[in-house]
Structure formats: structure tokens, C-alpha cells
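Got the viewer open? Let's walk through this one stop at a time, selecting as we go.

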Amino acid sequence: MAAQAGGGQKPFHVVSPVLESLPLSKAVGTKVLMKLENIQPAGSFKIRGIGHSCQEAARKGCHHFVCSSGGNAGLAAAYAAKKLGVPITVVIPSTSGPIPKLKLEELGAEVEVYGKAWDDANSRAQVLVKTEGWVSIHPFDDPLVWQGHSSLIRELKDSLETKPDAIVLAVGGGGLLAGVVAGLHQVGWQDVPIIAAETWGAHSFHEALKAGRLITLPDITSVATCLGAKTVTARALECAKECQIISQVVEDTEAVAAVEQFLNDERMLVETACGAPLAVLYTGRLQQLQREGRLRTPLASVVVVVCGGSNIDMDQLRALKSQLGME
């Protein structure tokens with residue numbers, strides 16, 4: 001089902017399904033609804049904001065995009081660029097692995113591998129902006145991207161009879177969080193708590209919240225490389241002043257175990273970044289927040305954003321389990 005344009009050009013994302021997960025509902029003890037962003041074109045929620053940003057840049061006459069990405073943003077930008085007929089160069093770090101590079105090339109993108117972390121790739125992308133005159137499509141720190149992501153919440157409002165009691169999502173650079181908060185304001189749901197999930201080693205938002213200022217991690221050590229921004233957008237911290245945002249950090253092993261459990265439960269393979277919010281549900285952290293009085297009891301329903309599954313296959317899942325000593 002195609003999304004409705006908010007004026008102007010038709011967006012590239014689709015209206016994603018909202019389905020109840022009986023296994024997750026059983027694990028949490030309340031109704032869990034999945035917002036299935038993993039079925040979006042290019043495989044993740046990123047097409048909402050990145051697609052919107054690319055369309056605006058093309059409308060202004062852009063002749064070449066450049067995007068730095070751990071994987072999903074680049075895929076969304078490459079998909080949008082192909083649709084718009086605009087050349088694109090995507091800079092990815094070496095930690096992204098072979099899957100995104102292959103998929104990016106299949107979409108017609110020129111791919112450059114640079115550095116170990118997303119921050120390194122982004123530095124290289126900014127050099128290309130200055131030397132080549134290309135237009136930067138930022139993966140998360142851009143109001144146009146947040147505006148595009150906010151459509152997710154408007155769809156939820158249209159799909160649900162009543163607002164959820166909590167939304168669980170992953171935080172990497174903070175673009176999804178900023179978009180969700182923008183959407184909550186738009187539909188009058190700003191009192192809905194957000195549980196923001198990260199993995200240790202990619203927990204820049206958690207550290208920023210704790211310190212009350214932006215913190216730059218020394219390195220990204222988590223296997224959830226799509227969460228790998230050493231510093232979140234400043235907007236993410238501002239969001240914490242506007243809505244109730246509860247930070248939860250899970251172990252890599254918990255995120256990978258959640259990916260495998262979700263595959264068994266729902267027959268969908270998602271990446272480790274998506275495993276972080278799923279792990280919050282599978283490991284009883286939601287019930288712990290209720291016991292601590294940080295979430296209401298009982299909860300009528302919880303929405304989990306199943307953010308993406310582009311950058312994983314069964315071989316990689318087995319490799320991750322082996323790397324983490326889970327086999």
C-alpha cells in the first residue's frame with residue numbers, strides 16, 4: 001500500500017503493517033504491536049526520512065548525492081537516488097561488512113569503504129561535499145529526515161483505536177527518535193513514553209542522557225554496527241526534555257538472541273540493531289520498568305518499531321553467535 005503524499009511528490013515509503021505478536025505479548029504480559037518497518041523499500045524505516053530529504057534536494061536541482069552510512073541509510077538513499085535518476089556515492093565503514101556493499105552496488109550506487117566507524121565514513125563524505133560540490137544526505141541529523149520519519153506515528157494514529165502505552169525503538173544516531181517525537185507532537189500523543197534501546201558499545205544516547213550533554217564514545221565496540229554513531233544528534237537530547245524517554249541498554253548477546261528468537265517466533269530475520277528493542281521485550285526489562293514505577297501498570301498495549309533487516313543473512317547470524325560465544 002503506497003503512502004499518501006503530504007503535498008508535492010509522492011513519497012517512496014509504504015504504509016507499513018501493524019500486527020500483534022502473540023509470542024512478544026506473552027513475554028511482556030501485555031499486547032505487543034509490531035510496526036513492521038523491515039518491509040519498507042530498501043528494508044528499513046530510513047526510506048521515510050532519507051527519501052524525503054533526497055526528494056527535496058532533487059527538487060532544488062541536486063546533480064549528485066553523497067551519503068555516509070552504516071548500511072540502512074545508504075540503502076535508502078541509493079533507492080531514492082535510483083528512483084530520482086540522480087547519481088549517488090555512499091561511503092560506508094569497513095565494519096558494515098559485505099552485505100550492504102553488495103546491495104548498494106545492485107542499486108547502482110558508487111560505494112567507497114572508508115574507516116572503521118560511521119563517524120570516519122561521514123568525515124570522508126564531508127570532504128567529497130567540499131571537493132566535488134555534491135549534496136550531503138545525512139543519515140540522521142537533518143530536520144527533513146525527522147519530518148519524513150514522523151509519518152510513522154501518523155500511520156500508527158490511523159491504525160490504532162487508542163494510543164499505545166509505550167513505544168519501544170532502537171537509537172543509533174537519533175534520527176528515528178527525533179522523527180517519532182515529532183510525530184507524537186503532531187498527533188497529540190506526546191505523553192506516550194518512549195523506551196529507547198541501544199547495545200553496550202554503541203550507547204552514545206544513554207551516555208548523553210546520563211551526562212545531560214552530548215558524549216562522544218571513544219569507539220564503537222558493539223556488533224550492532226547500524227547503531228554505531230559515536231555521538232547522537234543534539235536533537236535527541238532535546239527530545240528527552242519534550243517527552244518521557246527511558247533509556248535501556250542491552251548486551252550484544254541479548255540483541256543477537258532476540259534476533260534469533262524473533263526469527264523463530266515471527267519468521268522474520270532482522271538485524272542486530274533491531275534486536276536491541278526486541279531484547280528489551282524478551283528479557284523482562286519492560287516489567288522491571290513497571291516494578292520501578294517508571295511505566296504504568298497495567299499496560300494496555302505497547303508498540304515496537306521493527307526497524308529493519310537489510311544487513312543480515314543466516315550466515316552472518318551464525319557468525320555473530322560464534323563471535324559472541326553463543327554456540
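Select cysteine 62 to begin: with a relative accessibility of 12%, cysteine 62 counts as buried. Keep in mind throughout that you are looking at a predicted model.

Now add cysteine 54 to your selection and look at the two sulfurs. Why is there no bond between cysteine 62 and cysteine 54? The cysteine sulfur closest to that of cysteine 62 is the one in cysteine 54, but they sit 8.0 Å apart, so the gap is too far for a bond. A disulfide would need the two sulfur atoms within 2.5 Å.

Next, pick cysteine 67. Here too the nearest cysteine sulfur belongs to cysteine 54, this time 7.3 Å away, and cysteine 67 is in no disulfide. Is cysteine 67 buried or exposed? It's buried, with a relative accessible area of 0%. Feel free to hunt elsewhere, but a search of the whole structure turns up zero disulfides.

**On to the sheet**

Switch to a cartoon view and find the open sheet. Four strands make it up, in the order S5-S4-S3-S6, and their pairing is parallel. Colour S5 (110–113) and S6 (135–136): these strands stand at the edges, and each has a single partner strand, so one side of each has no neighbour in the sheet. As a bit of background, strands of a sheet pair through backbone hydrogen bonds.

Zoom in on S4, residues 88–92. This strand runs parallel to S5, and four bridges join the two. For a concrete pair, select isoleucine 92 and valine 113: valine 113, in S5, is the bridge partner of isoleucine 92.

Now show helix H3, residues 72–84. H3 packs on the sheet and touches both S3 (65–68) and S4. Compare directions while you're there: that of H3 makes about 165° with that of S3.

**Three backbone oddities**

Most residues other than glycine have a negative phi, and most peptide bonds are trans. The last three stops go against that habit.

- Alanine 42: look in the loop between strand S2 (31–36) and helix H2 (46–59). Alanine 42 isn't a glycine, yet its phi is positive, about 70°. It is partly exposed, at 23% relative accessible area.
- Arginine 267: go to the loop between helix H11 (252–266) and helix H12 (272–282). Phi is positive here as well, about 60°, although arginine 267 is not a glycine. This residue is exposed, with a relative accessible area of 67%.
- Proline 298: find the loop between helix H13 (285–291) and strand S10 (301–306). The peptide bond from threonine 297 to proline 298 is cis, with omega near -5°.

Note on methods: Residues numbered from 1 in each chain as written. Predicted model: local features only at pLDDT ≥ 70, side-chain atom pairs only at ≥ 80, totals over all residues. Heavy atoms only, no water. Pairing = 2+ DSSP bridges. Contact = heavy atoms within 4.5 Å. Axes fitted to C-alpha atoms, helices over the stretch in contact; angles between N-to-C directions. Buried < 20%, exposed > 50% of the residue type's maximum accessible area, 1.4 Å probe, protein only.
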